Amino acid sequence: MNPLLATLGSKLTERWLNLLVLPGALFLAVAAVGTTLGHRHWHDLDRLRGTLDDLATRPALDRTGTAALLVAVVLLTAAAASLAAQFLGGAIEQYWLRLGRDPLSRALTARRTRRWKEGDTKVEDTVVHAGPAGAGTDGVVTIPRDTWERIQALTAARDRIALREPARPTWYGDRMQATADRVEAAYGVDLAVLWPRLWLILPEPAVQQIRAGRDSFSAAARLASWAVGYALLACWWWPAALVAVGCGAVARSRARTALDAFASLIEAAVDVHGRELATRVGLIAPDATGLLAQETGDGMSEVFRKAD
């Protein structure tokens with residue numbers, strides 16, 4: 001039991017250091033440097049070195065108790081800063097995935113819809129005006145390679161806005177909405193009521209993969225919250241703005257990648273285990289074959305919604 005407790009304690013300590021202490025300590029260090037140097041002396045290393053020397057020569061720091069208390073205060077402050085970043089990261093997640101019923105969100109949705117329709121029109125026009133380059137031996141009509149590459153580029157540009165016509169103010173919300181729409185179009189089932197039941201029967205490897213995708217998205221939101229913190233520090237020390245921009249750019253890239261993978265895993269889980277759930281609730285026979293039918297999906301939605 002003692003080795004088990006020791007291993008568990010070491011893992012908890014490592015997680016505490018990685019998630020709370022180290023990011024918060026780095027933020028406190030930048031904040032200390034920024035408040036010491038300011039805008040006017042932003043690159044004055046001699047000024048920073050002199051401040052550190054003055055702190056080191058103070059008699060109070062020679063006492064063991066004072067030094068230990070100072071370390072404890074720094075650790076607790078770093079942990080508090082990290083907890084605040086986690087809280088703000090959760091708020092950023094909700095903001096990214098919001099439905100958008102306020103005027104600003106509706107305006108953003110309308111702007112994204114207009115851009116998406118413009119991109120979709122370009123794709124359709126390019127396809128319509130694509131001249132055939134010839135026909136293959138099996139009768140398939142081919143188009144010029146440069147035209148095909150242009151169609152692919154225009155399609156990718158449109159999909160970067162949204163996979164389908166935007167219904168939410170952000171790409172993140174539309175990506176999740178596209179997953180729900182695709183599942184409903186394929187199987188006739190409401191993903192919102194299906195998912196909690198499907199989650200209960202997923203095998204452990206699938207659960208771990210989906211959790212990893214969700215955790216990656218949350219980690220990207222926390223990084224975005226640190227970008228907000230460094231942007232505030234830029235009010236006292238402008239180089240912190242560079243850190244904020246870097247954190248924001250990396251957070252955006254990681255969030256899009258993580259959410260895209262997360263949404264794809266959810267859709268894959270429905271594809272692979274949707275029939276199993278329908279079998280368990282008695283809507284199809286265990287020996288039935290074929291894909292999950294629209295009628296079965298409608299039946300699952302009706303059963304899972306109950307009286308709603």
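# Close-up views of the predicted model

Asp-190 is partly exposed, with a relative accessible area of 23% (buried means under 20%, exposed over 50% and partly exposed in between, with a 1.4 Å probe and protein chains only). This is a predicted model, in which local features need pLDDT of at least 70 and side-chain atom pairs pLDDT 80 or more, while totals for chains, interfaces and linings use all residues. Residues are numbered from 1 along each chain as its sequence is written, and side-chain values use heavy atoms, without hydrogens or water.

**View A. The chain as a whole, before we zoom in.** Welcome to a chain of 10 helices and two strands (DSSP runs numbered from the N terminus: helices are H or I, at least four residues; strands are E, at least two). Starting at the N terminus, the order of elements is α-α-α-α-β-β-α-α-α-α-α-α. Of the 308 residues, 33% are buried. Among contacts (heavy atoms within 4.5 Å) with a separation of 6 or more, 70% join residues 24 or more positions apart.

**View B. Arg-305 and Asp-190 meet in a salt bridge.** Back to Asp-190, this time with its partner: the N to O distance between the side chains of Arg-305 and Asp-190 is 3.2 Å. A salt bridge here is a side-chain nitrogen of Lys or Arg within 4 Å of a carboxyl oxygen of Asp or Glu. Because Arg-305 sits in helix α10 and Asp-190 in the loop between α6 and α7, the pair ties together parts that are 115 residues apart in sequence. Arg-305 is partly exposed, at a relative accessible area of 34%, and Asp-190 is likewise partly exposed, at 23%.

**View C. Arg-182 pairs with Glu-267 in a salt bridge.** Their closest N and O atoms are 3.1 Å apart. Arg-182 belongs to helix α6 and Glu-267 to helix α9, so this pair links parts lying 85 residues apart in sequence. Follow the two side chains to see how they are covered: Glu-267 is buried at 14% relative accessible area, whereas Arg-182 is partly exposed at 37%.

**View D. Asp-120, Arg-158 and Asp-159 form a network of salt bridges.** One link to look for is the one between Arg-158 and Asp-159, where the closest N and O atoms are 3.3 Å apart. Arg-158 is buried, with a relative accessible area of 15%, while Asp-159 counts as partly exposed at 24%. If you would like to find the others, the count of salt bridges comes to nine.

**View E. The largest nonpolar core has 50 residues.** A nonpolar core is a set of buried Ala, Val, Leu, Ile, Met, Phe, Trp, Tyr and Cys residues joined through side-chain atoms within 4.5 Å. Good landmarks are Trp-96, Leu-194, Trp-195, Leu-198, Tyr-230 and Met-300, which have the most contacts inside this core. Two or more core residues come from each of α1 (2–37), α3 (64–96), α6 (171–187), α7 (191–201), α8, α9 (239–280) and α10. Helix α9 gives the largest share, 13 residues.

**View F. Met-300 and the residues around it.** Staying with one of those landmarks, we can list what Met-300 touches once neighbours within four places in sequence are set aside. Its contacts are Val-189, Leu-194, Gly-274, Leu-277, Ala-278, Leu-283 and Leu-292.

**View G. Gly-297 lies in helix α10 (residues 294–305).** How exposed or buried is Gly-297? It is buried, with a relative accessible area of 0%. Beyond residues up to four places away in sequence, Gly-297 touches Tyr-187, Gly-188 and Val-189. The C-alpha atoms of Gly-297 and Tyr-187 are 5.3 Å apart, although 110 residues separate the two in sequence.

**View H. Cys-235 and Cys-247, in a structure with zero disulfides.** The search covered the whole structure, taking a disulfide as a pair of cysteine sulfur atoms within 2.5 Å. The two cysteines make a nice contrast in cover: Cys-235 is exposed at 53% relative accessibility, but Cys-247 is buried at 15%.

**View I. Leu-232 sits in helix α8 (residues 204–233).** To finish, here is a leucine on the outside. Leu-232 has a relative accessible area of 54% and counts as exposed.
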